[in-house]
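Thanks for making the time this morning. I would like to walk you through one model, taking the sheet and its helices to begin with and the enclosed and open spaces after that.

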Amino acid sequence: MSAGSGKLQPVVLRVNCRSLAVIGLCAAGVARAAPVFEPHECGATASAAGARCGTVYVPENHAKPHGRMIPLNVIVLPATGKPLDPKRAQYDLEGGPGFAATRLLGFYANDGAAYREHRDIVLADMRGTGASNPLRCAGIEELEDRDPWAPLYPPDLVAECAQQLSVANDPTAYSTAAAARDIDLVRRALGYTALDLDATSYGTTLALRYIADFPRAVHAAVLTGTVPASRTPPRYHAQAAERALLQLALDCEKDGPCSGQGGDLHARLLAAVRQLPPGHPLIGDVFMEKVRKQLYSPEGARALPGLLEHAAHGDFDGFLRRGDHAADGLYLSITCAESLARMDVPLAIAESADTGFGAYRLERQRDACARWPIAPRDPQLFEQPASDVPVLFLGGAHDPVSPPEWIDDVAGKFRRHRSVVVAEGAHGFDGLSGLDTCLDTAVIRFFDSGDVAAPDYACFQNMK
């Protein structure tokens, strides 16, 4: 205790966990009385953007606040102008689960600069991703880099990854509920009283949980490609992808240049399958998974007919390019406990088997989850209490992952909401016109006001 103005005041002990002298203490269980943002030097891009970079330590297991602490990697891009509310910030939530929010730094440092004119932007890697104690599977990543036709989640490599990660980590502590608590600790450490949540894909699942658990800490939320907890992947991947592929085929028939090359889309797909290189197990299933992922964005879907035309002549190069690795361990920790463990797996496999994409994804993950540590059941996973938080739901009519009808699962819980379905949108909107003049403008105006009626949404139907 310390004295001040004649009153005893509590002393908050701040332990610098980045100091080599006390890292062992943090790992051994020295917990803080309050979350603290510990600054560290930024990288070149963040420094050039005037960012503040640092770490917030949180309990790996929130039920054991004096147990092991893990670092959350945080980048704050300060407002470039006068903030509308210096105690409010925009907080981005990425998808997967398994992708890092800090990979959005380049966007806000350049094309997305308008977002930070009147607000701080917080990019914090979710636990288990990016530089926040990542749960990555080196063996799986090495195989994917070496053999782009390798089947998903080889059982021996999944078991190896689970064993390796479990030496220093508790994979069962990496859940949506834990990540929601992390967000609030980061908010408190940075001194904000409220957040504007900008979420996409699995990030919307996390945003919905954060709103449920910390409603008074949310000013407004924009959810793109909404995935309610009851729809977590990959339960409906095959059905949603088949619908999106059919829509693309119908669009191609109406488009002269598209329909004029190589016959209809399904004929090109079948011709490509016949050209698949021999000697790879499950290569047809692996190829269809690559086709499915190509549908995630309008840009990718628009390229698919041409890619299939090349593949029909034996050129698969367009399907073999890969992006950044996600944190597979984090993905398995969440989806094995929150999706596979909560679904009727045989029924899901049977329903997926009736589609052109088949049950490959579900079967591979079923076998992976049999080798992965499963967290205890979360009784609040599917709970979404009624809320006054204003929410803007954005969906794509051609979404191959989370069809816009899923918005109806949760929208009714929000007394102030607006749903907008972009006719040519997919799981995201990259590749459409009007990203800056329509989408960004509407989102910024909504965050400014917290009023779902404030933006002009008519422009969304002109995004082509």
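Before I come to the helices, a word on angles: axes here are lines fitted to C-alpha atoms, for helices over the stretch in contact, and the angles run from 0 to 180 degrees between N-to-C directions. Please also keep in mind throughout that what you are looking at is a predicted model.

With that convention in hand, take helix α7, residues 202-213, which lies across β6, β8, β9 (218-224) and β10 (391-396) and runs at about 150 degrees to β8. Helix α6, residues 176-190, lies across β3, β4, β5 (69-77), β6 (88-93), β7 (120-124) and β8 (194-200), and its direction makes an angle of about 130 degrees with β4.

The strands I have just been naming belong to an open sheet of 9 strands with mixed pairing, and if you follow the order across, you read β3-β4-β5-β7-β6-β8-β9-β10-β11. At the edges are β3, residues 37-40, and β11, residues 417-422, each of which pairs on one side only. On average, and ignoring direction, neighbouring strands of this sheet are turned by 25 degrees against each other. To look at one pairing in detail, β3 and strand β4, residues 52-59, are antiparallel to each other over 4 bridges, and Glu38 is found opposite Thr55 in β4.

Let me turn to the enclosed spaces, of which the structure holds 3 with a volume of 30 Å³ or more, counted as cavities. The largest cavity has a volume of about 140 Å³, and among its 20 lining residues, Leu93, Ala124, Asp125, Met126 and Leu206 lie nearest the centre. Which elements each supply at least two residues of that lining? They are β6, α6 and α7, with α6 giving the largest share, 4 residues. By class, this lining has 13 nonpolar, 2 polar and 5 charged residues.

The second largest cavity holds about 90 Å³ of space, and of the 14 residues that line it, Ala238, Glu289, Phe357, Gly358 and Arg361 are the closest to its centre. Here α8, α11 (283-294) and α16 (360-369) each supply at least two lining residues, and the largest share, 4 residues, comes from α11. The lining of this second largest cavity divides into 7 nonpolar, 3 polar and 4 charged residues.

One residue deserves a separate remark, namely Ser352, which lies in helix α15, residues 345-353. Is Ser352 buried or exposed? With a relative accessible area of 2%, Ser352 counts as buried, because the cut-off for that word is under 20%. Leaving aside neighbours within four places in sequence, Ser352 is in contact with Arg235, Ala238, Gln239, Gly358, Ala359 and Leu362. Two of these names, Ala238 and Gly358, you have already heard among the residues closest to the centre of the second largest cavity.

Finally, an open space: the second largest pocket contains about 560 Å³. Its lining is made up of 22 residues, and those nearest its centre are Leu248, Asp251, Pro298, Ala301 and Arg302. Helices α8 (237-254), α9 (256-259) and α12 (298-311) each supply at least two of the lining residues, and α12 has the largest share, with 6 residues. In terms of class, the lining of this pocket divides into 11 nonpolar, 5 polar and 6 charged residues.

Note on methods: Residues numbered from 1 in each chain as written. Predicted model: local features only at pLDDT ≥ 70, side-chain atom pairs only at ≥ 80, totals over all residues. Heavy atoms only, no water. 1 Å grid on protein atoms, 1.4 Å probe; cavity = no way out; pocket = protein on both sides within 12 Å on 5 of 7 lines; lining within 4 Å. Points joined across faces, edges and corners; volume = space filled by probe spheres on them. Nonpolar A, V, L, I, M, F, W, Y, C, P; charged D, E, K, R; others polar. Buried < 20%, exposed > 50% of the residue type's maximum accessible area, 1.4 Å probe, protein only. Contact = heavy atoms within 4.5 Å. Pairing = 2+ DSSP bridges.
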